[in-house]
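Reader: I have a few questions about how the terms for this model are applied. Could you take me through them?

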Amino acid sequence: MPVPPVPLDDAPAGWAALMRFLRSAGFRFALLFAVVFIGASALFALVLWYATAGSLDRQTAAALRTDTLGLMERWREGGPGALSEAVAERLSGDVENTAIYLLTGPEGQRLAGNLDRWPAGAEDDGAWITGIVERDGSRVEARIFTRDLGEGYRLAVGRDVEEKQRLRALLAEGFGWSALGAVVFAMAGAAVLRRALENRLRPAAMTARAIAAGDLSRRVPVAGRRDEFDRLGEGMNDMLDRIDRLMEAVRGVSDAIAHDLRTPIARARAKLEEALADSGDPDSLRAAMEQGIADLDHISRVFGALLRIAEAEAGARRAAFAPLDLVPMLADVAEFYGAAAEARGQALSVDLPERLELVGDRDLLAQAAGNLLDNALKFTPEGGQVRLTARAIGRDRVEIAVEDSGPGLSPEDRARAGERFFRADASRATPGSGLGLSLVQAVARQHGGELVLQEASPPPGLRAAMLLGPG
Amino acid sequence: MRALAFAFLLAAPALADGNEPVPRVTTDSREYCAELAERLAALPASHGEPVRSMAEEGRRLCETGHPRVGVAKLRRAIRAARVAE
């Protein structure tokens, strides 16, 4: 009756531990090592056996074949008498005392040689047999080759191979012990390999467990050997640092959203409450509703900007990438903001080349360039200068820069200006959400570039440059 | 590997099965000693040294119950005589 498989969860603890061990990568690597080691040893032993014991067999066979050919030649030359004499002569010169010959006649009678009877199992012409003969009272192993000579005459030529068999047995014993040694070494090597693998992987596994348990500060210790395990640990640490930064950013954005949207929502609520309390006056009711709508529009714009930044950062809009000439697009943006600059008594100058080719998202690039100009105009005092330039840097990179004569930013603020909702202390009084430069930075990164903020030349002022394309 | 080695050893079939008598080598005997002595005597170089003394020792060994060693000695004597020719 077949035994149903035992689920791992219900299995006894020892069995589960054994299954875990058998399924572990360490065991599999160790097994692979043992198999390869034993396989290589077996191959080596086979080659050695072929070259030693096999060679002895081949030598004996070759000697028997040559001897038989010579005797058959004598048979053809002189018949049974000549062959008998040849056999006797060879036996008389057999100093090694290993030769075996037997020539029998048509009746099976022995005509020459040193075997008293025809060996069993050697009835066929050209038969090779290996077996036992009796010599001086003891049984020894012999190899015999037989030929039918015709007319009922048969010839058996053999050699006593007892010495060779003894040597062969010694070789076999040596191989047996070597095989045992190879298995022991393979097992020991496999165990060492498994232990080494386990030791090197343990820090990474422990770190992963600690992080899964909630301790995100843990990092994989690197041994400093610059090997695959160190590279794995460094890779994991880089990944964890990146996750840490992302989580920090998400936390920052969540805090900023909660903080920056609380004010317009609270203001809209207060206005609506006020209008409800003073509902008798249609004008103040209308004014309150308009203010509420304006506040909600602002909230909607903030969310729209956040969505666009998220899309740019995720590369979701890469499908909209197409070859374009930046010059007409930038001219349109400059013209749009030119009117606002004129109204505030600011001078907006534009310096663009004839053509500036790029593969990118036209709408996002226009939005980013608009944000740079909007920022510059917002922080430049009346009568100030704002300058929009664009140029190619090398073959693949393009720079769109906006330089103003405003108060500029401190180096610390410049380092944080790309963060969502970041607003420098000096700009708290200026309307804005703190998302403009975040979008510019996200768009620049989406186009393989970056946002570079520098002090204007000559100061004071800010030079915001959007670098697009690989550097 | 060990099993393989034993397989090599055991692969050889027996010359004689349980019912058949085992063939016997007849050249380790006093009769063969005499045959070799006769064959040696027919060789022209059989009276020279060291053939003669080797043959003498071979005959002596055969007569004292050591035909196998005696045969080996006589064979050496025959080979030496053939070389001397």
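Author: Gladly; what follows goes through the sheets, the salt bridges and the contact between the chains.

Author: The model is predicted: local features need pLDDT of at least 70, side-chain atom pairs count only at pLDDT 80 or more, and totals for chains, interfaces and linings use all residues. Residues are numbered from 1 along each chain as its sequence is written, chains are lettered from A and ligands numbered from 1 in the order in which they are written, and side-chain values use heavy atoms, with hydrogens and water left out.

Reader: What makes β3(A) and β4(A) a pair of strands?

Author: Strands are DSSP runs of E with at least two residues, helices are runs of H or I with at least four, and both are numbered from the N terminus. Two strands pair if DSSP finds at least two bridges between them. β3(A) and β4(A), residues 138-150, have eight bridges in the antiparallel sense, so the definition is met. Among the facing residues, Glu134(A) stands opposite Arg139(A), and Thr130(A) has Arg143(A) as its bridge partner. The hairpin of these strands has two residues between them, and Asp136(A) takes a positive phi near 55°.

Reader: How do you know that β4(A) also pairs with β5(A)?

Author: Eight bridges join β4(A) to β5(A), and the two run antiparallel. Ile144(A), for instance, stands opposite Gly158(A) in β5(A). This hairpin has two residues between its strands, with Glu151(A) in the turn at a positive phi of about 55°.

Reader: Why are β2(A) and β3(A) called edge strands?

Author: The open sheet has five strands in the order β2-β1-β5-β4-β3 of chain A, with antiparallel pairing. β2 (110-113) and β3 (128-135) of chain A each pair on one side only, and these are the edge strands. Neighbouring strands of this sheet are turned by 30° against each other on average, direction ignored; axes are lines fitted to C-alpha atoms, for helices over the stretch in contact, and angles run from 0 to 180 degrees between N-to-C directions.

Reader: What makes the second sheet of five strands "mixed"?

Author: That word describes its pairing: the open sheet of chain A has the order β7-β9-β10-β12-β11, with mixed pairing. Its edge strands are β7 (347-351) and β11 of chain A, and its neighbouring strands are turned by 15° on average, direction ignored. One of its pairs is antiparallel: β11(A), residues 450-455, and β12(A), residues 462-468, share six bridges. Leu453(A) has Ala464(A) as its bridge partner, and Glu455(A) has Leu462(A). Six residues lie between β11(A) and β12(A) in their hairpin, where Gly461(A) in the turn has a positive phi of about 135°. Helix α10 of chain A, residues 436-446, packs on this sheet by touching β11 and β12 of chain A, and its direction makes about 130° with that of β11(A). Contact here means heavy atoms within 4.5 Å.

Reader: Why is Arg168(A) with Asp57(A) called a salt bridge?

Author: A salt bridge is a side-chain nitrogen of Lys or Arg within 4 Å of a carboxyl oxygen of Asp or Glu. The side chains of Arg168(A) and Asp57(A) meet at 2.4 Å, N to O, so the pair fits the rule. Arg168(A) lies in helix α4 (residues 162-212) of chain A and Asp57(A) in helix α3 of chain A, so the pair ties together parts that are 111 residues apart in sequence. Over all chains, a search of the whole structure finds 32 salt bridges.

Reader: How do you know that Asp94(A) and Arg75(B) also form a salt bridge?

Author: Their side chains meet at 3.9 Å, N to O, so this pair also falls within the 4 Å limit. Across the interface of chain B and chain A the rule finds three salt bridges.

Reader: What makes up the side of chain B that touches chain A?

Author: By class, this side has 17 nonpolar, two polar and ten charged residues. Ala, Val, Leu, Ile, Met, Phe, Trp, Tyr, Cys and Pro count as nonpolar, Asp, Glu, Lys and Arg as charged, and the others, Gly among them, as polar. The contact takes 29 residues from chain B and 40 residues from chain A.
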